[in-house]
Amino acid sequence: MTTTSTGVTPAGLDIDARYSAAKSIAQEAARLGMEYYIRREDLEVMHKGGNRQDVVSIADKNLEDYIRAQLTERFPEDGFIGEEGGTADLGARCIWVIDPIDGTACFVNGLHNWCVSIGLMIEGEPYLGAIADPNHNELFHACLGRGAFVNETPLKAHPAQHVREGVTGVGTTHRRGKENFIPFLTGLLNEGGMFMRNGSGALMTAYVAAGRLIGYYESLINSWDCLAGLVMVKEAGGRHNDFFRGEGLLEGNPLLVAAPGVYEQLAGLVGPSLDSD
Ligand code: IPD
Ligand code: CA
Ligand code: CA
């Protein structure tokens with residue numbers, strides 16, 4: 001059995017069963033998601049809180065219901081945090097943290113950057129995760145102490161030592177001021193770096209683990225967008241900020257994940273807002 005980073009083994013928990021379930025349920029949910037995606041013209045798109053850019057459809061809700069039912073059937077003692085359905089049993093040792101569709105704006109507009117993300121936190125620590133991207137037939141997955149993979153291929157963070165040596169993923173939201181984002185972009189470009197945003201924070205996090213991006217900064221993001229990917233980044237030798245400080249699990253925080261050789265440089269470009277409120 002694997003141990004946590006603090007060396008503590010989660011005694012009495014069937015990790016293999018949970019890792020296997022995360023992978024298979026993510027893949028099946030992604031397959032169901034594709035059925036909605038190919039007939040997306042029929043979907044009624046709604047807007048959350050009056051924000052025209054924050055969209056959702058019945059596909060998000062139905063996929064979350066599916067994932068939650070599958071997990072509850074197998075692990076009735078576990079807790080749950082989902083973007084669409086809320087929380088349950090947050091005092092449990094194991095808490096599933098899931099985003100049924102990450103990249104919904106892409107999904108409803110016919111852009112291929114969306115995925116299903118299922119992460120598991122055990123006793124407060126991100127422990128395993130699976131991210132299924134059906135448009136590219138990729139299943140990213142990781143479990144503490146066992147490495148990170150895309151399908152069966154091991155993942156390794158980029159060897160970059162300077163931001164000019166690769167592309168950095170970025171993201172932002174109108175929920176937090178642009179003063180937490182624009183100076184970072186300016187600094188990155190001043191250093192000879194370059195950025196991209198693909199619309200899925202979960203995929204960009206996984207891409208850092210895969211060495212496709214050298215880093216990824218988002219000025220405010222939720223735990224269901226990144227928990228699964230954070231395990232992958234860690235297992236691939238990357239670094240991340242203290243995302244779960246304060247109310248991060250339920251209310252989100254800024255996120256920085258990066259290859260080890262550029263983490264400090266990127267953190268410097270973000271500035272003190274990375275780990276302050
Ligand atoms: C969003 C995506 C996007 C990120 C936002 C997230 P959603 O998730 O991950 O890339 O910039 O912060 O909310 O709404 O597509 O599930
Ligand atoms: Ca999301
Ligand atoms: Ca979502």
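Is Glu 83 buried, partly exposed or exposed? Glu 83 counts as partly exposed, at 24% relative accessibility, and I would like to start from that residue, bearing in mind throughout that what we are looking at is a predicted model.

Glu 83 takes us straight to the metal site. The calcium ion that is ligand 3 has as its protein donors Glu 83 through OE, Asp 99 through OD, which is listed twice, and Ile 101 through its O, and these lie 2.2 to 3.0 Å from the ion. Written along the sequence, the spacing of those donor residues is E-x15-D-x1-I. A second calcium ion, ligand 2, is 3.6 Å from ligand 3, and Asp 99 coordinates both of them. As for where the two acidic residues sit, Glu 83 is in the loop between β3 (79–82) and β4 (86–88), while Asp 99 is in strand β5 (residues 94–102), so the pair ties together parts that are 16 residues apart in sequence. In contrast to the partly exposed Glu 83, Asp 99 is buried, with a relative accessible area of 1%.

Let me set this beside the database record. The unreviewed UniProt entry carries a "binding site" annotation that covers Glu 83, Asp 99, Ile 101, Asp 102 and Asp 225. These residues span 143 residues in sequence, yet no two of their C-alpha atoms are more than 9.5 Å apart, so they gather at one spot.

Two of the annotated residues deserve a closer look. Ile 101 lies in strand β5 and counts as buried at 1% relative accessibility; setting aside neighbours within four places in sequence, its contacts include Glu 83, Phe 107, Trp 114 and Cys 115. Asp 102 is also found in strand β5 and counts as buried at 6%; with sequence neighbours within four places again left out, Asp 102 is in contact with residues including Trp 114, Cys 115, Ser 200 and Asp 225.

That brings me to the aromatic residues. How many aromatic pairs are there? The count comes to seven. In one of the pairs, the rings of Phe 184 and Tyr 217 have their centres 4.7 Å apart and their planes at 50°, and that angle falls between the 30 and 60 degree limits, so the pair is tilted. Phe 184 belongs to helix α4 (residues 182–190) and Tyr 217 to strand β13 (residues 215–221), so this pair ties together parts that are 33 residues apart in sequence. Both partners are buried, Phe 184 with a relative accessible area of 2% and Tyr 217 at 0%.

Elsewhere, ring pairs link Tyr 37, Phe 107 and Trp 114 into a cluster. Arg 40 lies over the face of Tyr 37, at 4.4 Å from the ring centre, and, in another such arrangement, the charged end of Lys 23 sits over the ring of Tyr 19, 4.0 Å from its centre.

Finally, the cysteines. A search of the whole structure finds zero disulfides. Cys 106 is in none, the nearest cysteine sulfur being that of Cys 115, 9.6 Å away, and Cys 106 counts as buried at 6% relative accessibility. For Cys 226, the closest cysteine sulfur is again in Cys 115, at 12 Å, which is too far for a bond; Cys 226 is buried, with a relative accessible area of 0%.

How values were computed: Residues numbered from 1 in each chain as written. Chains lettered and ligands numbered in written order. Predicted model: local features only at pLDDT ≥ 70, side-chain atom pairs only at ≥ 80, totals over all residues. Heavy atoms only, no water. Phe/Tyr/Trp six-rings, centres within 6.5 Å; stacked < 30°, edge-to-face > 60°. Helix = DSSP H or I, 4+ residues; strand = E, 2+ residues; numbered from the N terminus. Buried < 20%, exposed > 50% of the residue type's maximum accessible area, 1.4 Å probe, protein only. Lys NZ or Arg CZ within 6 Å of the ring centre and 35° of its normal. Donors = N, O, S within 2.8 Å, 3.2 Å for Na, K, Ca; no water. Disulfide = S-S within 2.5 Å. UniProt positions renumbered as here; feature names shortened; annotations may be inferred. Contact = heavy atoms within 4.5 Å.
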